[in-house]
Amino acid sequence: MNLIWGRQPKPNMGKLDFTATVSKLAQDELGKRQHYRPVYSLHKYWARRAGSQFRSILLRTLLPDSTLFLQDEDGSLSVKSKYFDNFDFKNKVILDPFMGGGTTLIESNRLGCNVIGWDLNPLSWWITREGLKVIDVDILQKYTDEVFEVAQNELDEFYKTEIENSNGDLVKADVMHFFWFREAKCEVCEKEVSLHSRTILNKGLKRNIGISSENPATTVCLRCGDLGEWNGFGDFDCKSCNSKSDPLSKGVSSGSFECCGKKQKVVENVKKYGRLKERLVAIEYIDPDTKQRLYKSPSKDDLRIIKQCKSLVEANKNKLAIPNSKIPKGDSSKRWLNHQYERYVDVFSDRQILAVNSILESIKSVIPIDDIEYRYSLITALSNSLEYNNMMVPYNYPHRKLHHLFTHHALPITMMPVENNLLGIEGKGAGTFRNCVARYLKGKKYCNSPFDKYKNAQNKLVSVDSDERIGATFVDDIAQFGDSNASILRCGDSTRLHEHVPEKSVDYVITDPPYYDSIHYSELANFFYVWMKEFCPEVDFFSRETIDSTKEAIVNKGHNKGAKEYTDLMAGVFSSCHKVLKDNGKLVFTFHHKKIEAWWTIAESLSRAGFCVVDTFAVESEYKVNPHIRNKETLDMDLVLICEKIQSTEESPNPSKNIFTPLEEMASEKHTNPNWHYLQFIGSLLRETTRCYNSSVVNYKWFEDLINQFNIKQTV
Ligand SMILES: C[S@@+](CC[C@H](N)C(=O)[O-])C[C@H]1O[C@@H](n2cnc3c(N)ncnc32)[C@H](O)[C@@H]1O
Ligand SMILES: [Zn+2]
Ligand SMILES: [Zn+2]
C-alpha cells in the first residue's frame, strides 16, 4: 500500500512533523481568524476550515516530496520552511465542488493555480467571488467615508435618546443597545409574563472583576420598569417601588413559564396567542460628557421613536427592501416556525428594516453604477452585519457586548434580544455596519499583501509576509484560462458539473464536503440570501424566493433526506469529479463525524464513483473546547482523505485482516487528542473498504462491527 501522508518517517533533526504542525497552525488560526487570515472575515459562512490547513494540504498535494516544515533550534517552526515560500504554480487546475466559504479556492489562487468552484448555495458563490475579486482598497475607503456620512444623517434620529446631563439639561445621547424581554400571555389572568433568563443587564460597568458594591450590576425592576443597582448578594431592593426581587431568577425554564400557579409551555402559548411580544426594558447609551457607557429605562420619547419606525415602514412598504420570503420547513428552521416566525422579516424590528434600507440607499447614492464592484463590497458588509442586527441576537452580559446569531450553527429563539446601533458609533461596539466594513477593508488589504501568522515555541506571535497575492481573473470557460490565477465560479448542483467542465481537465479536486447532518447550509444561508435578493435583484442567482436545496447533499428530516439521499448525491458529485479529473489526479477532502453511518456513506459514495482512499491523516480542526476528552458528541479533528481513481478492484477474501495492523504499529505513538487514534483507525478502515468494496463481506454490518471492535480494544 502506498502510504504517503499519514504515517511519515519520524521527524528528524531540523524537520517538523507534518500533521502536528498543520494542527497547531489551524488551531492558532481558528481562534483568531480575523487577525490570522482576514480574507475569511468578509462574510459569515459556517464551519469554515482553517486557511493554513488548506494551504498545507495544497502544498502537500502539489509538492508531494518536499518537507514543508523546518524547525529552529528552540523547537519553533522556522520562517525558512518551504510552507512560507512564495509560489506561482502555472497551468494547475484545482476544483472545489463544495466551495462554501471559498477556503480551497482562495488558498489555491494565492498559490497561482487556476480554480473552478461550484456550490449550489448562491451565498457561497457570492462570498467566494468577493474573496477573489480585485478592488482598489483606497477607492473603497474613500467611498466608505462618504457612505458613512450620508447614512449617519439619515439615521441619527432613530439612535438617539434624551438624558439629563450633570447641569440638569436635557441633551441627546447616542444609543449603543436597546434591550428587550420577550413576553407570553398567561392563559389564566391574560397578563403579559416576562420570559427573561435574568434581570441583570451586566456584571457591573467594569468587566472581569465580578459584581460587588463597588461594581454593582444594572438590573431591571419588573414591577415598575425602573433600573437599579444590585451588589451581588440577596435580593434587589427597588428604590422606586420598594419591591424585592431575585435578579438571577428566570421567567422561563425548559420551555415553560409559571403564572397564577400554572405551568405553561411557551410553544403551546404561542399556538394560542400568536408570536411572543417584545418589551423594551432598557437602553445603553454613551454619556456625552464622560463618554461612559451607561443604562437608562426607556422614556415616552424612546417609545415614540419605535411607533414612528413602525409607521414609516408601513407607509413605505412597497418601496423598501424587506425580506418577505416565507421561511421554508427544515430541521434548523423548525424552531422559528414553531414560534410563528413565518417570514424572515418577522425577526427584524422596524428600526432595523429602516436602518438597513438607509444604508443601502446611501451606498447606491454614493457609488455610481459603473463602480458596481465597490457597491457590492459594501453590500457584502451590510449583509454580514445582519448577523448582529436582528431580534434574535443575545447579549454577552458579563462582557457587555453582542453575540452573533449563529453561535451554534442554528436558528435560535432568544428571550432577551438586544438591538444594536446598526450603523454604529465610530470606535464603539461590535457587529455594526461600521465594524463589518472595517473587517471587509482589512480582508481586502490582506489579499494585496497576505501573511502567515503562528505562535513560536515561546508562544510569541510570528508574522511572515508573503509576495503572493489573492485576486482572480473571472472567466466563464476553461478555454479562457491563462497560465495562472484565473477562476470559474458557478452556483449550481455539482452532480452536473461534468456537463460544463471538460473531461480530464482538472489536476486536483480539493474540498470540504457537507458533513452528513451536521450543518444545514441552505437553511442557515437563507437568513442572508433573502436580503441579498432584495439588495441585488439584478443578480441571476438571486432570483428565487429562497435557496433551492433540492440537490443539497445533506441529511435533513425536514427536507425528507436521509442517509440514502445523502449517499446518492455525494456519489453523484464524486462521479462528476471523477469524469473531469485527470487519470493521475487526486481527490483530497476533509471529513469528520461521530456517527458510524456517516463514515459508511463516505466509503460507499467514493466507491460508487470509482475512487479509493489511498491515505488519510488526522488534524485538529475546530476551535477546541476541551482537548482532553474523547468527546463522542463532536469530533474536534478532521480526517483528511486522499483518494485516487480506482485502477483495479481487488476481490479480497479477508479485507479485515489489514485493518488493525497500522494501528498496532501506532500504539506506541502518544497523542494528546484521544480522537486521533480513532480517526487513524477510521482511515485504515476506509482504505480497506474502498479497496475491496466489491468483496462479498464488505457491507455496513461488517464496517460497523469493526468500529465496535476498535472501540472495545480502546476501552480495555
Ligand atoms: C462544508 S461546506 C464547504 C465549506 C468550505 N469548504 C469552507 O471552508 O467554507 C459544504 C458546501 O456544500 C454545498 N453543497 C451541498 N450539496 C451540494 C451539491 N449537490 N452541489 C454543490 N454544492 C453542494 C453546500 O451548499 C455547502 O456550501
Ligand atoms: Zn397569570
Ligand atoms: Zn421597581
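The exercises below, each with a worked solution, concern a predicted model.

**Exercise 1.** Determine which strands stand at the edges of the open sheet of eight strands, and why one side of each is left without a neighbour.

*Solution.* Begin with the strand order of this open sheet, which reads 19-20-2-1-21-22-24-23, with mixed pairing. Strand 19 (473-474) and strand 23 (611-620) stand at the edges, and because each has a single partner strand, one side of each lacks a neighbour in the sheet. Turning next to one pair within the order, strand 1 (residues 93-96) joins strand 21 (residues 506-511) in the parallel sense over two bridges, and Leu95 stands opposite Val509 in strand 21.

**Exercise 2.** Describe how helix 6 and helix 11 pack, and classify their mutual orientation.

*Solution.* The axes of helix 6 (residues 137-155) and helix 11 (residues 372-385) lie 11 Å apart and enclose an angle of about 60°. Since angles from 65 to 115 degrees count as roughly perpendicular and those under 35 as roughly parallel, the two helices are therefore oblique to each other. The crossing is right-handed. At the contact, Ile139, Leu140, Tyr143, Thr144 and Val147 in helix 6 meet Tyr374, Ser377 and Leu378 in helix 11, which by class gives six nonpolar, two polar and no charged residues.

**Exercise 3.** Characterise the shell around ligand 1.

*Solution.* The shell holds 27 residues, of which the closest to the ligand are Phe98, Gly100, Gly101, Ser494 and Asp512. Sorted by class, the shell comprises 12 nonpolar, eight polar and seven charged residues. At least two residues of the shell come from each of helix 4 (103-110), strand 2 (114-119) and helix 14 (563-580).

Definitions and conventions. Residues numbered from 1 in each chain as written. Chains lettered and ligands numbered in written order. Predicted model: local features only at pLDDT ≥ 70, side-chain atom pairs only at ≥ 80, totals over all residues. Pairing = 2+ DSSP bridges. Helix = DSSP H or I, 4+ residues; strand = E, 2+ residues; numbered from the N terminus. Near = placed C-beta within 6 Å. Nonpolar A, V, L, I, M, F, W, Y, C, P; charged D, E, K, R; others polar. Axes fitted to C-alpha atoms, helices over the stretch in contact; angles between N-to-C directions. Parallel < 35°, antiparallel > 145°, perpendicular 65-115°, else oblique. Left-handed = near helix turned anticlockwise from the far one by under 90°. Contact = placed C-beta atoms within 7 Å.
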